[in-house]
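Visitor: I would like to go through this model one site at a time. Please keep the answers short and end each on what I asked for.

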Amino acid sequence: MKRISLIGSTGSIGKSTLSVVEHLSDRFSIFALTANSAVGLLADQVAVFRPEVVGVTDARHVDAFRRACRDRSVAVPEVVTGPDGLRQITSAPEVDIVVSAAVGAAGLWPTYTAVAAGKIVALANKEAMVVAGELLCKTSEVTGAQIVPIDSEHSAVDQCLRAGARGEVLRLILTASGGPFRETPVERLVRVTPEEALKHPTWKMGKRITIDSATLMNKGLEVIEARWLFDIPAQKVDIMVHPQSIVHSMVEFVDGSIVAQLGTADMRQPIQYALTYPERLPSPVAPLDWGAVSRLEFHLPDRQKFPCIALAYQAIELGDTAPCVVNAADEIAVEEFLNGNIPFTDIPNVIDAALDAHDLQSGSSLDSILEADRWAREFAKRWVGHRHAAQC
Ligand code: NAD
Ligand code: MG
């Protein structure tokens, strides 16, 4: 029986992870669950999975969580909060696997503490790898932590890499659905609404990643994630738009052979693979319906229409804290877009300006990463403020 600490249990990945744990309840149990503020759902999950510890990251919601448990006649487990509480949950000796599924750079701390404690880290929180890839990789070398990807493209790459030796790899090809604006004329993008941007054609996910999929910044972040996860230069990581989201990614080998991983678009597949890695077990995911697959299309992304792709490659080329700045500026820009404060087309503009103004710091120091993250958020907020002032 492997014991899991699940960070971000109330989110889209968190809920899918619990569905996999329920399906494989003879192999996995839950040691800890954490959420930021959705205390009602968290209490529902406690009733089913009976964790020993619960983390409520926003301390203002602790009382409401206790009440929610009592309302459901559920025994209140030990409750922890703040950075020390998260570290306790990720590094407890009882824990075998930490599933890192919080959203945004907030996922860095639990991911880092899990890696520092030498755990198996099933990583959904790509932002941790983007902002601190160098630090996490160096730390895992010291502690022996094993980082297994949950992101479907990286899970696919990991599976494809099993077909050959590392020296035989020519390039990785990450597939992208292309998002809801794949066929929208570029001149209309300035007017698209948050509601339109939140309509992802193939995946149901949290808001931030859904908007990132519409700008294609999600794919840019995934290129950076792949650079660290697979220790490969970003120039050898390419993007291919594939609207059907059936081929989850590919690896091209030096002999010209391309190995692809296909399957139903259901995150429970890569989550289960990460939990049982390197073993495969029967899964609750519906098998691919070949009758419904009429065609598989592939084309190169439009980099002019989606400037976030080039910004991500630029950031990884610059290295150090540049990817951290791109992620933080993007987090703020997405929030401001969702709140109606900037048009969709300003998302890359905010990121570009932040990258331009940033003085690079070391990418292997947690302090300089946290400082770059703070700086970029403030910069992005100011940028949006000035834009408003200029328009008024
Ligand atoms: P979500 O918005 O649905 O859920 C986010 C979770 O994080 C919630 O449980 C929330 O309580 C928690 N959270 C929010 N703010 C927090 C904070 N400040 N500190 C700690 N926890 C906090 O997001 P999601 O779609 O489940 O995505 C989670 C992560 O997985 C992201 O990094 C995303 O890029 C990645 N991912 C998601 C998918 C997907 O299909 N949803 C696919 C690949 C990768
Ligand atoms: Mg992905």
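Visitor: In which helix is the place of Ser368?

Guide: This is a predicted model, and what follows is computed from it. The helix in question covers residues 366-391, a range that takes in Ser368. The place of Ser368 is therefore in helix α15.

Visitor: Is Ser368 buried or exposed?

Guide: The cut-off for a buried residue is under 20% relative accessible area. Ser368 has 14%, so it counts as buried.

Visitor: How far apart in space are Ser368 and Thr321?

Guide: In sequence, 47 residues separate Ser368 and Thr321. In space the C-alpha to C-alpha distance between the two is 7.6 Å.

Visitor: How far apart in space are Ser249 and Ala64?

Guide: Ser249 lies in strand β10, residues 247-253, and is buried with a relative accessible area of 0%. Ala64 is 185 residues from Ser249 in sequence. From C-alpha to C-alpha, Ser249 and Ala64 are 42 Å apart.

Visitor: Which residues are the protein donors of the magnesium ion, ligand 2?

Guide: The donor residues follow the spacing D-x1-E-x68-E in sequence. Their donor atoms are of the OD and OE kinds, at 2.1 to 2.3 Å from the magnesium ion. The residues are Asp151, Glu153 and Glu222.

Visitor: With which side chain does the side chain of Lys126 make a polar contact?

Guide: Lys126 lies in helix α6 and is buried, at 4% relative accessible area. Its partner in the contact, at 3.0 Å, is also a donor of the magnesium ion and is buried. That partner is the side chain of Asp151.

Visitor: Where does ligand 1 lie relative to domain 1 and domain 2?

Guide: The shell around ligand 1 has 22 residues, the closest being Thr10, Ser12, Asn36, Glu127 and Gly206. Helices α1 and α6 each supply at least two residues of that shell. Domain 1 (2-149) and domain 2 (154-264 + 284-391) both contribute to the shell, so ligand 1 lies between them.

Visitor: What share of the accessible area of ligand 1 does the protein cover?

Guide: Oxygen atoms of ligand 1 lie 2.8 Å from a polar side-chain atom of Thr10, 3.0 Å from a polar backbone atom of Gly11 and 3.2 Å from a backbone N or O atom of Gly8. On its own, ligand 1 has 830 Å² of accessible area, and the share covered by the protein is 85%.

Visitor: How many residues of helix α5 are buried?

Guide: Helix α5 spans residues 108-116 and is mostly covered. Among its buried residues are Leu108, Tyr112 and Val115. Of the nine residues in α5, the number buried is seven.

Visitor: Which residue is joined to Pro278 by a cis peptide bond?

Guide: Most peptide bonds are trans. Pro278 is in the loop between α11 and α12, and the omega of the cis bond is about 5°. The residue joined to Pro278 by that bond is Tyr277.

Visitor: Is Asp320 buried or partly exposed?

Guide: Most residues other than glycine have a negative phi. Asp320 has a positive phi of about 45° and is found in the loop between α12 and α13. With 38% relative accessibility, Asp320 counts as partly exposed.

Key
Residues are numbered from 1 along each chain as its sequence is written. Chains are lettered from A and ligands numbered from 1 in the order in which they are written. This is a predicted model: local features need pLDDT of at least 70, side-chain atom pairs count only at pLDDT 80 or more; totals for chains, interfaces and linings use all residues. Side-chain values use heavy atoms; hydrogens and water are left out. Donors are N, O and S atoms within 2.8 Å of the metal (3.2 Å for Na, K and Ca); water is not among the atoms, so sites may look incomplete. Buried means under 20% relative accessible area, exposed over 50%, partly exposed in between (1.4 Å probe, protein chains only). A residue is near a molecule or strand if one of its heavy atoms lies within 4 Å of it. A polar contact is a pair of N or O atoms within 3.5 Å; within protein, one must be able to donate a hydrogen and the other to accept it, and residues adjacent in sequence count only if both atoms are side-chain atoms. Accessible areas come from the Shrake-Rupley method with a 1.4 Å probe; for residues, only the protein chains shown count as cover. Helices (H or I, at least four residues) and strands (E, at least two) are DSSP runs, numbered from the N terminus. Domain bounds come from an automatic or database domain assignment.
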